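User: Please look closely at one part of this model and explain how it is built and what surrounds it. I am new to the subject, so a connected account would help.

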Amino acid sequence: MPPVYRRHRKRAVLSYLLMIVLTAGVLLFVCWLKMSSDYAEDPVILTSETSLEKPVQSDPFEKIEPLACGLDPELPMVALTFNDCVTDLTPSLLETLVTYGCEATFYTVGYLAENQPDIFHRLVESGMEIGNHSYSHKQLVGLSFEDASAQFGDTQKLFDGFSGNAGTAKTVRPPYGRQDETVQEAAEAYGLPVVLWSVDPQDAAAKTPEELCEKVMTEAEDGDIIVLHDGLDNTLNALPSLLEQLKNAGFQVTTVEKLFASHGYGLKPGFCYDRLP
Ligand SMILES: [Zn+2]
């Protein structure tokens, strides 16, 4: 072969190899980005719920008679929510809330309630709101309708069996805040609205209780839903100061149901909510 052709062939092979290396690099980077956004900073069970997809919907609210529940809808109000309940720390969270005269919604995982039924009973008896956070805390996006609805349905059955009342959990929060049409249909099948959040201080990543409080206080506005996690020492340690600061700033701290109902908003099954309109 003449030298000029050999040079061309060598160049072509080198370009080909370079393209393969570049393509592989880009693919690896994309995979890394996806994994780090889905699975970063898991506090207890698996991850912090940070990969939030904003709901897209029209007219999701139902006008109802405002619920008289001791809250003033004319004054600022936030809903406080805990994910990944129940844990050994749940009783201490309850105690702190009671001390400060505040309420919260506890998004409870089916198998965790099954592991610690005594703590789940204390939660029911406390009168705080209980939400459905799936049975096994697995990623629901990508599951079939049957599998996704079993995650909600098995948990509903379990909670109702424990509490002795139907409809113990009135809303559902899918793990990691990730949901798609199938997940929403599965929630609708059990009469459950999907509730996400609008303020996420990323408590699993917060270095100190002070930092956590500061993040919430910087972001929180009237009508927000704040997400925290059960099972984190930092969150438990921050809670007294956080409740005090929220109250000093004029906020009423309540459950998801009361936040909406006190303003005369009913939530529709299968629709997705992250704050007051
Ligand atoms: Zn969770």
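Analyst:
**A helix and its surroundings**

In helix H4, Asp118 and Glu125 are exposed, on the side away from the buried residues. The model is predicted, and H4 covers residues 117–126.

Which residues of H4 are buried? They are Ile119, Phe120 and Leu123. Around the helix axis they cover an arc of only 105°, and this puts them on the same side of H4. A general point about helices helps here: an α-helix has 3.6 residues a turn, so residues three or four places apart point the same way.

The buried residues of H4 have several packing partners: H2, strand S3 (105–108), helix H3 (110–115), S4 and H5. The partner H5 can be followed further. The axes of H4 and H5 lie 10 Å apart, and the two helices pack at an angle of about 75°. With that angle, H4 is roughly perpendicular to H5. On the H4 side, the contact is made by Pro117, Phe120, His121 and Val124; on the H5 side, by Phe159, Phe162 and Ser163. Phe120 thus appears twice: it is one of the buried residues of H4, and it takes part in the contact with H5.

What follows H4 along the chain? Just after H4, Gly127 takes a positive phi of about 85°. Strand S4 covers residues 129–132. S4 runs parallel to strand S5 (residues 169–172), and 2 bridges join them. Within this pair, Ile130 stands opposite Ala169 in S5. From S4 the chain passes through helix H5 (residues 145–163) to reach S5, and this β-α-β crossover is right-handed. H5 therefore has two roles in this account, as the helix of the crossover and as a packing partner of the buried residues of H4.

The loops on either side of this path each hold a residue with a notable backbone angle. His137 is in the loop between S4 and H5. Its phi is near 60°, a positive value in a residue other than glycine. Is His137 buried or exposed? His137 is buried, with a relative accessible area of 0%. Tyr176 is in the loop between S5 and helix H6 (181–189). Phi of Tyr176 is near 65°, again positive in a residue other than glycine. Tyr176 is buried as well, with a relative accessible area of 4%.

Another of the packing partners, H2, leads to a further backbone detail. Val86 is in the loop between strand S2 (77–85) and helix H2 (90–99). The peptide bond that joins Cys85 and Val86 is cis, with omega at about -5°.

Helix H7 (residues 209–219) can be read in the way used for H4. Its buried residues include Pro209, Leu212, Cys213 and Val216. Seen down the axis of H7, the buried residues fall within an arc of 95°, so they line one face of the helix. Glu210, Glu214 and Thr218 are exposed on the other side of H7. The buried residues of H7 pack against strand S7 (225–229) and helix H8 (233–248).

Finally, the setting: the chain has 9 helices and 10 strands. Of its 277 residues, 45% count as buried. Among contacts between residues at least 6 apart in sequence, 78% join residues at least 24 apart.

Key: Residues numbered from 1 in each chain as written. Predicted model: local features only at pLDDT ≥ 70, side-chain atom pairs only at ≥ 80, totals over all residues. Heavy atoms only, no water. Pairing = 2+ DSSP bridges. Helix = DSSP H or I, 4+ residues; strand = E, 2+ residues; numbered from the N terminus. Right-handed = clockwise from strand over helix to strand, strands pointing away. Buried < 20%, exposed > 50% of the residue type's maximum accessible area, 1.4 Å probe, protein only. Arc of directions from axis to C-beta. Contact = heavy atoms within 4.5 Å. Axes fitted to C-alpha atoms, helices over the stretch in contact; angles between N-to-C directions. Parallel < 35°, antiparallel > 145°, perpendicular 65-115°, else oblique.
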